[in-house]
Amino acid sequence: ALPILCRIATAQRVDPKSGAESVTFDAKVDGKTRRMGVSLDANYRWLYDDAQKDCNSGDKASMEACYLQGLDREAYEETYGIYVARGDPSEVRLQYAAIGKYNAKPNYGSRIFLTDMDSDDGSGYYNFKLVGSEISFTMDLQDVPAGMNAAVYLISMDPLGNLGATYPHGQANEAGWKRGVGYCDAQCPKDLHFVQDQGYYEQGRVMSCCPEMDLFEGNRFAAAMTAHPCSTLSQSTCDTNTTECTNPCDTDGADVNLFRRYGPQKAIFELVDLKKPVTVRTRFIDDSGTLTRIEQVYEQEEGGQMVQKFNMTIDDQPIAEQKKLFDEPNVFADVGGVAKMGDAMDRGMVLSLAIWADPDSNMNWLDSCMQNISKFDCSLHPTFDSTDVFWEAWREQPGAWRGPVDVYPHLNTSFESQTITLSYPYVPMWMKTQTPFQCAKTVGSFDCSAVKYGFSVKDIQIRSLHPSSFPWFWMVAVAVALLVGGGAIYMMTRGADGHKGLLSGSDSEGYSSSSSA
């Protein structure tokens with residue numbers, strides 16, 4: 001047994017020289033400040049051996065014995081473009097492109113998970129349980145172009161990143177949440193190096209699936225909220241080399257995108273001022289603990305007050321009607337709908353922030369025309385140069401256009417390497433022309449200074465939608481006061497010093513969509 005124990009103790013390691021990561025920011029939970037950290041997804045980290053050499057290939061056992069890179073603040077910023085609590089203690093900013101001083105090539109995109117730095121043992125991803133609660137955050141989206149996705153979403157990852165799991169070949173996961181292990185989502189990605197509790201696999205084989213709730217996916221042109229329940233409530237894996245492998249999740253999800261549903265004048269830049277921050281509030285409405293609908297409100301400050309700009313809702317019946325209109329199978333209902341999404345949320349979910357570009361479909365599914373050649377051929381009119389383009393497509397295939405961005409089939413021949421000028425006449429002038437996503441190549445190096453794309457999230461707040469229970473001792477005190485007389489009631493409501501007391505009606509905790517974040 002001793003050799004096996006030794007092998008477990010040295011597998012998929014955390015390099016002791018790199019120490020614990022401690023890049024933190026402030027969030028609020030029911031009005032109280034809570035310190036949270038960030039953990040970069042393991043797929044983005046350097047994997048190296050005892051000799052500080054790349055772990056590029058090898059059998060499962062040798063790859064699982066490699067180190068996952070630990071990051072200090074400097075590495076987060078310079079190597080990955082992730083800036084935490086710089087200037088604002090509640091803000092996290094993700095830049096799309098960055099290159100560290102020891103890197104031969106730039107890093108494009110990133111994905112981070114929020115960790116709980118104020119738990120009793122200071123460990124694990126923060127476990128968000130939001131049924132019957134509201135989550136809000138304020139975003140700066142002005143630097144997120146067409147063809148790029150700024151995402152804020154919840155996923156049913158293991159809260160410890162499968163820390164301590166023993167892999168099938170006897171190795172153990174020592175890295176876990178400390179190094180961003182455990183990713184999953186409803187698309188069941190197959191590009192992960194370390195798959196939940198299954199250890200190392202070559203990319204393209206093992207699916208990593210779990211329920212997903214997209215609070216925001218979008219850019220300067222489109223915004224979407226999507227619920228992706230699964231038949232399973234927590235994470236699961238599936239080996240595509242076996243015939244039994246199927247996706248248990250609603251991959252397409254119950255999506256709400258106002259442009260897709262209602263057309264021109266509903267692009268996000270037509271609804272909010274993107275030069276200013278926008279606050280997104282999402283409420284998970286329940287009936288006796290069962291999630292019944294999801295409501296989302298977008299707000300901006302005007303004249304010193306928060307003003308509601310638009311709202312979206314996910315509810316079983318409207319989603320069924322939309323699926324019928326768009327001629328899409330209602331997998332959302334098949335796996336259990338809103339209530340099933342709530343069941344997963346009751347178990348707790350991890351909040352992820354990500355920024356990425358999509359080489360497979362060039363983000364057309366988000367902000368342009370989504371090609372489905374059997375229903376509608378986007379290439380027949382790929383230039384979105386008038387509102388007529390939307391309605392002509394609508395007559396043939398409702399929902400084909402998701403945003404007012406011209407169709408660019410290939411990332412490497414468009415957004416990635418070319419300067420693009422968009423055709424829609426109502427795009428503000430400052431947004432019409434986009435520079436390439438790629439960093440400029442210089443002699444023996446790269447210059448990423450001209451790639452300014454990125455987004456920020458700040459003021460993450462969670463609050464219960466249910467008022468706190470009235471303490472029993474106050475109920476007794478009120479009953480006694482009623483018996484004694486009005487003098488005691490005055491003392492209860494005004495306080496001995498004349499200030500407003502517990503029973504003042506102006507202390508209501510009722511929700512107002514115009515309240516500040």
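Residues 24 or more positions apart account for 68% of the contacts (heavy atoms within 4.5 Å) in the chain that have a separation of 6 or more. The model is a predicted one, in which local features need pLDDT of at least 70 and side-chain atom pairs count only at pLDDT 80 or more, while totals for chains, interfaces and linings use all residues. Residues are numbered from 1 along each chain as its sequence is written, and side-chain values use heavy atoms, with hydrogens and water left out.

The chain contains 13 helices and 26 strands; these are DSSP runs numbered from the N terminus, with helices (H or I) of at least four residues and strands (E) of at least two. Of the 517 residues in the chain, 51% are buried, where buried means under 20% relative accessible area, exposed over 50%, and partly exposed in between (1.4 Å probe, protein chains only). The exposed surface of the chain comes to about 23100 Å², of which carbon and sulfur atoms supply 51%. Accessible areas were computed by the Shrake-Rupley method with a 1.4 Å probe, and for residues only the protein chains shown count as cover.

Nonpolar cores were defined as sets of buried Ala, Val, Leu, Ile, Met, Phe, Trp, Tyr and Cys residues joined through side-chain atoms within 4.5 Å. The largest such core has 100 residues, and those with the most contacts inside it are Phe 128, Met 139, Val 152, Met 213, Phe 216, Ile 314 and Trp 401. A second, separate core of 16 residues includes Tyr 153, Trp 177, Cys 184 and Val 195. When residues up to four places away in sequence are not counted, Ile 314 touches Met 213, Met 225, Thr 226, Ala 227, Ala 254, Val 256, Arg 293, Ile 294, Ile 319, Phe 332 and Val 338.

Two helices illustrate the packing of individual elements. Helix H3 spans residues 73–80, and Ala 75, Tyr 76, Glu 77, Thr 79 and Tyr 80 are buried in it. The buried residues of H3 pack against six strands listed here in order: E3 (32–40), E6 (82–84), E7 (92–95), E8 (97–98), E9 (107–108) and E10 (110–116). Gly 81, just after H3, takes a positive phi of about 70°. Helix H6 (residues 316–325) contains Gln 322, which is buried at a relative accessible area of 9%. The side chain of Gln 322 reaches the backbone oxygen of Asp 255 at 2.8 Å. Apart from neighbours within four places in sequence, Gln 322 is in contact with Asp 255 and Arg 261.

A disulfide was assigned to any pair of cysteine sulfur atoms within 2.5 Å, and by this rule the count comes to 7. One of them joins Cys 184 to Cys 210, with an S to S distance of 2.2 Å. This pair links distant parts of the chain, 26 residues apart: Cys 184 lies in the loop between strand E12 (148–155) and strand E13 (206–209), and Cys 210 in the loop between E13 and strand E14 (212–218). The link of Cys 184 and Cys 210 is right-handed, with 90° about the S-S bond. Cys 184 is buried at a relative accessible area of 0%, and Cys 210 is buried at 0%. Cys 184 is also among the residues of the 16-residue core.

Another disulfide is formed by Cys 369 and Cys 378, their sulfur atoms 2.1 Å apart. The torsion about its S-S bond is about -70°, so the disulfide of Cys 369 and Cys 378 is left-handed. Cys 369 counts as buried at 1% relative accessibility, and Cys 378 is buried at 3% relative accessible area. Cys 439 and Cys 448 also form a disulfide, with sulfur atoms 2.1 Å apart. Here the torsion about the S-S bond is about 105°, so the disulfide of Cys 439 and Cys 448 is right-handed. Both Cys 439 and Cys 448 are buried.

Aromatic pairs were also examined. Rings of Phe, Tyr and Trp (its six-membered ring) pair if their centres lie within 6.5 Å; planes under 30 degrees apart count as stacked, over 60 as edge-to-face and the rest as tilted. The structure holds 23 aromatic pairs. Among them, Trp 46 and Tyr 48 are stacked, at 4.4 Å centre to centre and 25° between the planes. Trp 46 is partly exposed, with a relative accessible area of 31%, whereas Tyr 48 is buried at 4%. Ring pairs also link Phe 221, Phe 259, Phe 269, Phe 326, Phe 384, Phe 390, Trp 391, Trp 394, Trp 401, Tyr 424 and Tyr 426 into a cluster.

Notes. Polar contact = N/O pair within 3.5 Å; in protein donor to acceptor, adjacent residues only side chain to side chain.
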